[in-house]
Number of protein chains: 2
Amino acid sequence: MPFDFATVTPAIVDELAAMLGSHAVSADAAQRDQRSHDVSGHHARAADVIAWPQTAEQVAQVLKFASDRRIAVTPWGAGTSVEGNPIPVHGGILLSLERMNRIVAIHADDMQATVEAGVKYRDLNRQLEPRGLFFPVDPGGDATLGGMLANNAAGPKALKYGATKDNALAIEVALCDGRVIRCGSRSIKQSSGYDLLHLFVGSEGTLGVITQVTIKLAPLPRCVSAAVASFGSVVDAIQCVIALKRSGLDIAALEFMDAGQVRMINQVEGMTLDARPTLFMEFHAPNAQALEAELALAGMVCREQGAVSVRATADPAERQRLWFARHNAYTIATRVHAGERFLTTDAAVPISALAALIEFAQAELAQRSLAGYLLGHAGDGNVHVLLPYRDEAGYAAAQAFNDALVEKALNLGGTCTGEHGVGLGKVKFMRQEHGDALDVMLALRRLLDSNGVLNPGKVLPVEL
Amino acid sequence: MPFDFATVTPAIVDELAAMLGSHAVSADAAQRDQRSHDVSGHHARAADVIAWPQTAEQVAQVLKFASDRRIAVTPWGAGTSVEGNPIPVHGGILLSLERMNRIVAIHADDMQATVEAGVKYRDLNRQLEPRGLFFPVDPGGDATLGGMLANNAAGPKALKYGATKDNALAIEVALCDGRVIRCGSRSIKQSSGYDLLHLFVGSEGTLGVITQVTIKLAPLPRCVSAAVASFGSVVDAIQCVIALKRSGLDIAALEFMDAGQVRMINQVEGMTLDARPTLFMEFHAPNAQALEAELALAGMVCREQGAVSVRATADPAERQRLWFARHNAYTIATRVHAGERFLTTDAAVPISALAALIEFAQAELAQRSLAGYLLGHAGDGNVHVLLPYRDEAGYAAAQAFNDALVEKALNLGGTCTGEHGVGLGKVKFMRQEHGDALDVMLALRRLLDSNGVLNPGKVLPVEL
């Protein structure tokens, strides 16, 4: 289906304003520019008009309006994506959820919250803290819940708490035929009918727009501790990850950093960390005794697995120091490469293949003479290589590296994206990764978006 | 779409035999009768012919054959469902996965196994035990992995380990257009394209037939313990469930039994349990110190919540004794009602509404003068009432009770089925539970099964 979208004329803008109110529609250039890019290096493109609906019914109205007139419509949350996911590459309407930012209900006894899609998870967590609860998925950026659902965001604590898709119980979705449907329920266990919820979660706004969600919350951990262990080789470090997981420890976060990254942090911050492959661990426990048991076991496993050094603490200040390098790795890399942009890879593989993937990445970086900082959610087999670049040639080189990395990850039984979503940049890998299943995905998209107006250009390779 | 299926003629049987080999096709009455019912009270119905394909490609061939000729085709695993899910109510072909029972690979370092759909989880667990691993979803019956996926089975340990759908990473699915597709990957984290895996899981063979799966495994717990606590009221017991969950304890199983059920067990088994609302807990820990920490905290929470008695143990024999009543509740009920059948309800609600649902069930049983044994996966808000009956009138009365219970559960924000699936018995609740989302489900079914031959009569109310 070709992308021959209708132009947004002043009459269209007026119709939208009549539908939503003039305060809820803008063709202002500054407003549009602000929402023309995410945090990735994908080219900015401004939409022609922004709409800020305030109810699910209004979202559905805008979608139907756009579909009937064949106008591209791209949902927008906070613009914190890293793969161009919310860039309105075909112009048209930017459907912003920014004003649907109401916390509808906090069900403290159920450890659930019902929120509109435009709520930011950090704002939600501020509201939840006095109740001893939090939403544990922490992707880093100041994302909205709607954006996190659309991209199935994750982050380091997905190891213990799951990704966004594991923490969604019920959603409200606006469809482009103008209907608003509800999928799932507030019951934790559900085996009723088809799992539409997980079809919409991760579909990046290409099948419908999630307007409200009921998420699972977790109790704020009473006790938190950290451990850091360094190893003689990448293989040793990843073998330790396997041993830690097989021990039955319920680790909150288990992160990997390679020797080059540690060395860079030592240089920039004047630190004296062991410049070796390093694991960072975080533990959440309901009481001090359980925490001590976990730390003791983790330390034992690390030493058994040949760790060169192991440091563990239950002290909050010392914990901050231990995790300083991991917490600030991204910021430090951006400071070192001030003025440059970053391409961030997101391949993920079975843990048994993680050492092979990391060593492949290191060898490719060396062979291609590329700077690259390697950070991994090791417990989940997910690796990010941060690749700084200055210009189009640098961007192309970074892309070529990612192509090779994804190829390797797929051959190792993995995926091109663990938590960033497909967006613009990974559309090209979909056929190789999914084979004939891609045709089923395409058929589903045609079924739910017959005019092809929902976030066009994203996720699936719709042939031009 | 009307159910005007084609008749299975001897010529059809011959064609199937030519396709699969004569050893893989049978119209034998005894064989067909054996596979004409599950463990529910739904009426038995034999298929006209059984096919035992041995590869995914053969499954797809049979599906395409059936679809092209408009012959009903019902997938079969072990027949341990409890809602009529695999009964071939429209005759036609019974597509048995029984001979696809190969363990393809055990990825011990990844804690994953790849198995064909006909593998039974208990057989798998016997293979896994020497490696210190197990598949933690334990629905009770001797189910196949394919059946567990199709119905999204769960069981008591879903509290810690999740339901089947939470433990599936990749599936191979045969479609009725003859294709075989692969969904998901062996990476734990996945945000690549649409989540087709969760669309097929729980669809009870109405969208395609799962032929192979890669599942997550868990380390066999080094230390296991149990605790039992009794309470003055249902409300107190459920408040304690809430407090236990909010404490941050990672409880493996948290089960509820009502006073009537305990009293019955005392009578039948000559035991002297406290005939009160009772919670049964199980804990899995990686070492003794962690286990002690959990038991101590659980005991404290129970006492704070006003438990009348709390007993806890780390001793295996004593643990068996503590859990005897819970482990044997179903068997004891069937012994007491020898010769009767059971209807088992499966509604689930948010935990905050669980006491209300239980009290509603108790009041309705009393008002309707029905015998009913109430067992709950309390930690997940899932309640089973076992309703014995002798005849059609008794069955109708049990059904009427379930109708009322489901109505109540839906009003409390819950679902008609937490873990048994929709099968035949809950089709009638789908419109009320899902509203307009049901139309999207129906459209998906038409898309993937245009001739309506896949497990007809199940899950969705396809109008006659």
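## How the two copies relate

Copies here are superposed by least squares on the C-alpha atoms of residues with pLDDT of at least 70 in both. Keep in mind that this is a predicted model. Two copies of a chain are related by a rotation about an axis and a shift along it. In this case, a turn of 180° and a shift of 0.0 Å along the axis lay chain B on chain A, with an RMSD of 0.0 Å. That makes the relation one of a two-fold axis.

Which residue of chain B comes closest to the rotation axis? It's Ala290(B), whose C-alpha sits at 2.5 Å.

## Where the chains meet

Chain B puts 80 residues into the contact, and chain A puts in 81 residues. On the chain B side, the elements giving two or more residues are β9 (180-184), α7 (196-200), α8 (234-246), α10 (288-304), α14 (430-434) and α15 (437-448). Sorted by class, that side of chain B has 34 nonpolar, 30 polar and 16 charged residues.

Why can we say the copies meet through the same surface? Because 100% of the interface residues of chain B are also interface residues in chain A.

## A closer look at α10(B)

Helix α10(B) has 17 residues and spans 24 Å from its first C-alpha to its last, close to the 24 Å expected at 1.5 Å a residue. Its buried residues are Ala290(B), Leu291(B), Ala293(B), Glu294(B), Leu295(B), Leu297(B), Ala298(B), Val301(B) and Cys302(B). So Ala290(B), the residue of chain B closest to the rotation axis, is also buried.

What do these buried residues of α10(B) pack against? Across the chains there's α10 (288-304) of chain A, and within chain B there are β12 (223-230), α8, β14 (278-285) and β15 (309-313). After the helix comes Gly306(B), with a positive phi near 80°.

## Domains of chain A

The domain assignment splits chain A into domain 1 (103-219), domain 2 (223-330) and domain 3 (337-421). Domains 1 and 3 of chain A have C-alpha centres 28 Å apart. Nine residues of domain 1 are in contact with seven residues of domain 3 in chain A. The domain 1 side of that contact has six nonpolar, two polar and one charged residues.

## A four-stranded sheet in chain B

Chain B also has an open sheet of four strands, in the order β1-β2-β4-β3, with mixed pairing. Its edge strands are β1 (25-26) and β3 (73-76) of chain B, each pairing on one side only.

Strands β1(B) and β2 (residues 49-51) of chain B run antiparallel and are joined by two bridges. Val25(B) has Ala51(B) as its bridge partner in β2(B).

How values were computed: Residues numbered from 1 in each chain as written. Chains lettered and ligands numbered in written order. Predicted model: local features only at pLDDT ≥ 70, side-chain atom pairs only at ≥ 80, totals over all residues. Contact = placed C-beta atoms within 7 Å. Nonpolar A, V, L, I, M, F, W, Y, C, P; charged D, E, K, R; others polar. Expected span 1.5 Å × (residues − 1). Buried ≥ 20, exposed ≤ 12 C-beta atoms within 10 Å, placed from the backbone. Domains from an automatic or database assignment. Pairing = 2+ DSSP bridges.
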